[in-house]
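Hi,

Here is the structure I said I would pass on. Have a look at it first, and then read my notes below.

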Amino acid sequence: MPSVSSSRHARAYIIGDVSKWDGPVWASIVMVASACFGGVGPLQAEDKPPPAVEVMPGAGVIGQPRRVTLEQNRSKKRHQGDWGAFNWGNGEFAGFGPVGVYGVAPWAEDWSSKKDPKNYTDFLDLLKAIRLNESGSIWLTLSGESRIRNWYESSPMLGTVGKRHSGRFTVRNLLGAELHLGTHWQIFGQLNNGEAAGWNYYGYNATWRRRLGLQQLFVRYEQKLLGAKTGVMVGRQQFLDAPSWLIYARETPNVQLSWNGARGYAMWERVRVDVYNFVATQVTRDTIMGGGFDDGTRLYGGDVTVALPRFSIAGQQVHSFLDLFWMGFHYGGKSAAIAQLKGSEAGTQTRQNGGFRWYGSAPAFEYDVSGVYQAGRFHPSKSAIGSRPVSAWAVRGVAGWRHSSSSLHPFLGVQAEAYSGGDNRRAHGTEGTFSAPFSPRNATFDLTRTIARANLISAGPLMSIAPRPFMNIRIRVPYLWRESVHDGLYNSSSPFSFLAGSRLRAAGRAVGLQPQGQVQFQLQQHVNWQLDGGAIFLTHRMRQAGGKNGTYMLSTLTFRF
């Protein structure tokens with residue numbers, strides 16, 4: 001079993017230093033057996049692996065130590081790019097998603113050091129920088145992920161799907177290759193397939209079952225220009241340059257979210273800008289290598305991020321980043337329908353999002369504050385009904401304290417968020433319900449996607465301990481209220497039907513308690529096992545309206561290279 005070689009290593013781990021991970025590793029399944037033979041050769045001090053739970057870092061404040069230094073992130077054991085001040089922590093403020101040893105976006109990883117076999121530190125490093133010419137200017141990086149997930153729900157979707165004691169089993173496979181043509185050009189492609197089965201299951205569609213699809217395929221050109229690292233990406237690609245609670249990579253279903261279009265960025269030492277214009281990938285038809293353009297779903301906008309000057313609070317130096325963004329949504333389907341007193345009104349929506357995110361960390365505390373205002377129009381499907389203006393908002397804050405010297409390295413904090421609601425009694429006028437239609441990250445809110453970020457206030461404590469470098473335990477206990485008693489409660493695609501009409505006010509503002517827990521084991525560099533469990537305890541008035549309490553349990557085994 002992986003172990004910390006001394007208490008000094010444990011203390012270094014929690015304050016952001018990298019620690020050595022000695023000892024044998026666990027072997028879990030046959031498909032990863034070849035990856036479980038440990039490292040290749042001795043590691044130099046600057047190449048010691050990061051804390052095991054940081055191998056695949058998550059996005060947003062999750063109670064994990066994220067103060068990995070710029071120098072450590074540029075070591076041969078972590079694979080961020082050359083992003084200046086944005087290499088701090090998990091690197092997500094560079095605009096490509098979080099990156100540790102691996103990244104949420106494989107194309108954001110930099111494996112160039114592995115062109116020299118002397119830099120191998122893992123058995124599979126030989127797949128990460130395959131030289132295709134003698135000079136090494138042309139080389140290939142292979143990447144992959146296999147995820148197996150089992151989950152159980154006692155009363156799915158608050159009892160509204162007509163299933164009891166539902167069990168689901170899903171498998172997702174991703175296989176990618178990035179061709180580097182000199183120092184300026186890269187071509188990245190990725191295939192996806194997914195399988196889904198179980199008992200008393202529900203909700204499977206083309207985002208869960210995929211025979212074989214083209215997940216990503218784009219060309220990237222990078223060049224130093226005006227002192228900045230500039231780049232252009234054209235083609236099908238992931239997009240992660242936004243607060244993860246607003247838009248992310250569709251992490252729960254098997255088929256992740258991808259976009260088609262162009263993106264341009266420029267990154268100086270402490271400032272960066274990003275502009276983009278995309279249409280969504282169509283996934284409703286499960287055909288071999290299928291997935292065309294969904295012209296009715298669009299994402300466009302721009303972003304400016306600044307690494308702020310360091311400042312001190314209570315004698316501790318704070319690293320912080322300020323992200324200012326404008327983002328446009330255009331979408332239709334179930335998620336675009338407007339709830340009414342009874343039923344809903346179909347149509348399409350265009351929303352302009354103006355917002356900010358301010359993140360900071362110091363040795364003993366961490367915070368993340370963000371907000372969004374939405375304007376735009378709702379266009380009903382019935383041409384006789386005029387369009388309606390949109391005015392909605394959301395605010396979110398996470399703050400916590402960490403006791404670095406403790407053997408359990410506890411993180412104690414609070415998470416609070418609010419998402420505006422509308423008035424279902426009105427068939428005309430301003431629509432006020434906040435909408436986040438593009439797969440925001442569920443793990444920071446509700447992993448089952450039972451309750452969505454609309455007409456909701458959530459607040460409660462969160463805590464985390466890391467008793468061993470390869471193990472992390474997290475607990476969240478939020479209490480939920482509706483922001484407006486004249487608007488319903490929403491799941492990931494639509495409002496719950498039981499909360500409508502006269503029951504909107506009768507059910508009251510309080511929704512209930514939603515305790516959640518997670519245990520994560522980084523069994524080996526390539527293998528992660530995560531257990532999640534939780535419950536939803538509705539108020540008496542919510543149950544009278546038709547909702548049901550429920551519990552869930554998930555087991556997720558992931559192999560990456």
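Let me start in the middle of things: Trp259 and Phe278 are both buried. Please keep in mind that this is a predicted model.

Those two residues form a ring pair. Aromatic pairs are described by how far apart the ring centres lie and by the angle of the planes. In the whole structure, the search turns up 30 aromatic pairs. For Trp259 and Phe278, the ring centres are 6.5 Å apart and the planes meet at 35°, so this pair counts as tilted. The pair ties together distant parts of the chain, since Trp259 belongs to strand 7 and Phe278 to strand 8 (residues 271-281), with their positions 19 residues apart in the numbering. Which other rings join in? Ring pairs connect Trp259 and Phe278 with Phe239, Tyr276, Phe329, Tyr331 and Phe438 in a cluster.

Two more rings are worth a click, this time for the charges over them. The charged end of Lys128 sits over the ring of Trp111, at 4.7 Å from the ring centre. Likewise, Arg168 has its charged end over the ring of Trp208, and here the distance to the centre is 5.2 Å.

Now for the empty space. Rolling a probe the size of a water molecule over the atoms shows where such space is left. How many cavities of 30 Å³ or more does the search of the whole structure find? There are 8. The largest cavity holds about 960 Å³ of space. Its lining is made of 49 residues, and the ones nearest the centre are Gly58, Glu251, Arg441, Ala443 and Gln530. By class, that lining divides into 19 nonpolar, 19 polar and 11 charged residues. Several strands give at least two residues each to the lining of the largest cavity, among them strand 3 (166-181), strand 17 (411-419) and strand 23 (527-538). Strand 2 provides the largest share, with 5 residues.

There is also a pocket to look at. The second largest pocket has a volume of about 490 Å³. It is lined by 24 residues, and Asp110, His180, Gln186, Glu222 and Lys229 are the closest to its centre. Strand 3, strand 5 (210-225) and strand 7 (259-267) are the elements that contribute two or more residues to this lining. The lining of the second largest pocket has 8 nonpolar, 7 polar and 9 charged residues.

Last, a few words on strand 11 and its partners. Strand 11 (residues 316-331) pairs with strand 9 (residues 293-307) in the antiparallel sense, over 10 bridges. In strand 11, His330 is the residue opposite Arg298. Strand 10 (residues 311-313) also runs antiparallel to strand 11, and 3 bridges join them. Phe311 stands opposite Val318 of strand 11. The hairpin of strand 10 and strand 11 has 2 residues between the strands, and Ala314 in that hairpin takes a positive phi near 55°. Strand 14 (residues 347-362) is another antiparallel partner of strand 11, joined to it by 13 bridges. There, His319 stands opposite Ser361 of strand 14. As you trace the strands, remember that side chains in a regular strand alternate between the two faces of the sheet.

Happy to talk it through whenever suits you.

Cheers

Notes. Residues are numbered from 1 along each chain as its sequence is written. This is a predicted model: local features need pLDDT of at least 70, side-chain atom pairs count only at pLDDT 80 or more; totals for chains, interfaces and linings use all residues. Side-chain values use heavy atoms; hydrogens and water are left out. On a 1 Å grid over the protein atoms alone, a cavity is a set of points where a 1.4 Å probe fits but cannot get out, and a pocket is an open set with protein on both sides within 12 Å along at least five of seven lines; lining residues have an atom within 4 Å of a point. Grid points are joined across faces, edges and corners, and a volume is the space filled by probe spheres set on the points. Helices (H or I, at least four residues) and strands (E, at least two) are DSSP runs, numbered from the N terminus. Ala, Val, Leu, Ile, Met, Phe, Trp, Tyr, Cys and Pro count as nonpolar, Asp, Glu, Lys and Arg as charged, and the others, Gly among them, as polar. Rings of Phe, Tyr and Trp (its six-membered ring) pair if their centres lie within 6.5 Å; planes under 30 degrees apart count as stacked, over 60 as edge-to-face and the rest as tilted. Buried means under 20% relative accessible area, exposed over 50%, partly exposed in between (1.4 Å probe, protein chains only). A charge sits over a ring if NZ of Lys or CZ of Arg is within 6 Å of the ring centre and within 35 degrees of the ring normal. Two strands pair if DSSP finds at least two bridges between them.
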